[in-house]
Amino acid sequence: MNQPTRDLSTVRTVLGIESSCDETAAAVVRDGRMQLSSVISSQIDRHARFGGVVPEIASRAHVEMLNPVIAEAIVQAGIADAEIDAVAATYGPGLVGSLLVGVSAAKALALVWDVPFVAVNHLEAHLYSSMLEDPTFELPVVVLLVSGGHTMLVHWEAEGSYRVLGGTIDDAAGEAYDKVARYLGLGYPGGPVIDRISLDGDPEAIAFPRALPDRPYDFSFSGLKTSVVNHVRKHPDVSAEDVAASFQEAVVDVLVTKTRRAAADVGAKGISIGGGVAANSRLREQILTVCAEDGLAAYLPDRANCTDNAAMVAAAGWWQLQRAGESPLDTGADPGLGLGSPAA
Ligand code: KG4
Ligand code: ZN
């Protein structure tokens, strides 16, 4: 149910809100590309002692933090409330209680300011982070979306047209990092610490398995995690740095090999990465190398725009408004939302 009375062609400045998991974030983006501000309040410290995100704690923290985070995003953007032309919020996938906090706030602000509300798919938003601040960004690209909850390869053919090529059949890549780090006693979240200590380890010390060689666009990481556990049990004196570096090498090798193949198969002009694991140093380095070798453009969003943030939500919201119009105000949270086809 769109509201045809509003002229959406004049919409330029979008306030984005992200609250799907453990980051409370707000950002202001102009024309879908220009980031005026991006404020992220991470709840990692509140969840760390539980070894993962606790849904009840997450939604309470969103309630507490969202208003100040939105206020800060508007101040940092250097604009007045009246200059905001639309409000976008993530409506799925994610934790239902957390999503509801962001969606409700966005609808309330849209009503008060009398501007359109746009309900954004969090996974689609991750695709748009590579477009932010990069005036050279050009479709078609293959996007490797790797986070704590998702691992997928997407062929993004043109604005408003993308196709999921494949994904993980069990754990997400970030989940594997987190589980291996927990097993090694390195804390939560596991990705950044494994990334860091791997610099002091030998990536070829242990030959961990590369799964699903015959399924070009699919991934599996649960066997790798089990191999790490078995190896450490058999060799209790092994260096944590070598285990971390060898595990990381196995993950990055599979991610990069399959992404490279997908880009060649579909004739993409570039490779883009998104999601928390896209902040990984080794992955970034390897993507740059294969893009240089294959003559492809590499789009590596700033690390802060790889993990969950609201700038990507505002950007995706702006494009969605142009393409599909505003979202009805009775849109609810959709915790199990997938990356099917773009809103049209
Ligand atoms: O996208 P994100 O912030 O949240 C969702 O899961 O949606 O991703 C968080 C995940 C965690 O599993 C974390 O361990 C991983 O991203 N991560 C990393 C790095 N930084 C964060 N994994 C590998 N290397 C990193 N530098
Ligand atoms: Zn995410």
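A residue counts as exposed when its relative accessible area is over 50%. In this predicted model, Arg60 has a relative accessible area of 57% and is therefore exposed. Its partner Glu56 is partly exposed, at 45%. The two side chains form a salt bridge, with N and O 2.9 Å apart. Both residues belong to helix 2, which spans residues 55–77. They are four residues apart, about one turn of the helix.

This pair belongs to a wider set. Over the whole structure, 17 salt bridges are found. Side chains of opposite charge can pair when their charged atoms come close. A second pair within one helix is that of Arg282 and Glu285, whose side chains meet at 2.5 Å, N to O. Helix 9 (residues 281–294) holds both. Here the spacing is three residues, again about one turn of the helix. Arg282 is partly exposed, with a relative accessible area of 22%. Glu285 is also partly exposed, at 41%. Elsewhere, salt bridges with shared partners link Asp171, Glu175, Lys179 and Lys225 into one network.

A further salt bridge joins Glu159 to Arg323, with the closest N and O atoms 2.7 Å apart. Glu159 sits in the loop between strand 7 (151–158) and strand 8 (161–167), while Arg323 sits in helix 11 (residues 311–324), so the pair ties together parts that are 164 residues apart in sequence. Glu159 is partly exposed, with a relative accessible area of 29%. Arg323 is partly exposed as well, at 25%.

The strands flanking Glu159 are part of an open sheet. Five strands build this sheet, in the order 8-7-6-9-10, and their pairing is mixed. Strand 8 and strand 10 (297–299) occupy the edges. Each has a single partner strand, so one side of each lacks a neighbour in the sheet. From one strand to the next, the twist averages 20°.

Strand 6 (residues 141–146) runs parallel to strand 9 (residues 270–274), and five bridges join the two. Strand 6 runs antiparallel to strand 7, through six bridges. Val141 of strand 6 takes part on both sides. It stands opposite Gly270 in strand 9 and opposite Trp156 in strand 7. A hairpin of four residues connects strand 6 to strand 7.

Strand 7 is mostly covered, with six of its eight residues buried. Strand 7 also pairs with strand 8, in the antiparallel sense and over six bridges. In that pairing, Ala158 stands opposite Ser161 in strand 8. Two residues separate the strands in this hairpin. Gly160 in the hairpin takes a positive phi near 85°. Glu159, the partner of Arg323, lies in this loop between strand 7 and strand 8.

Helix 9 packs against the sheet. It lies across strand 6, strand 9 and strand 10. Its direction is at about 170° to strand 9. The salt bridge of Arg282 and Glu285 lies within this helix.

Two helix contacts involve helix 6 (residues 190–198). In one, the axes of helix 6 and helix 8 (residues 240–266) come within 8 Å and cross at roughly 110°. Angles from 65 to 115 degrees count as roughly perpendicular, and helix 6 and helix 8 are therefore roughly perpendicular to each other. Helix 6 contributes Ile194, Asp195, Ile197 and Ser198 to the contact. Helix 8 contributes Ala240, Glu241, Ala244, Ala245, Phe247 and Gln248. By class, these residues are six nonpolar, two polar and two charged.

In the other contact, the axes of helix 5 (residues 173–183) and helix 6 come within 8 Å and cross at roughly 70°. That angle makes helix 5 roughly perpendicular to helix 6. Tyr177, Asp178, Val180 and Ala181 of helix 5 meet Gly190, Gly191, Val193 and Ile194 of helix 6. The contact comprises five nonpolar, two polar and one charged residues. Ile194 appears in the contact with helix 5 and in the contact with helix 8.

Notes
Residues numbered from 1 in each chain as written. Chains lettered and ligands numbered in written order. Predicted model: local features only at pLDDT ≥ 70, side-chain atom pairs only at ≥ 80, totals over all residues. Heavy atoms only, no water. Salt bridge = Lys/Arg side-chain N within 4 Å of Asp/Glu carboxyl O. Buried < 20%, exposed > 50% of the residue type's maximum accessible area, 1.4 Å probe, protein only. Pairing = 2+ DSSP bridges. Axes fitted to C-alpha atoms, helices over the stretch in contact; angles between N-to-C directions. Contact = heavy atoms within 4.5 Å. Parallel < 35°, antiparallel > 145°, perpendicular 65-115°, else oblique. Nonpolar A, V, L, I, M, F, W, Y, C, P; charged D, E, K, R; others polar.
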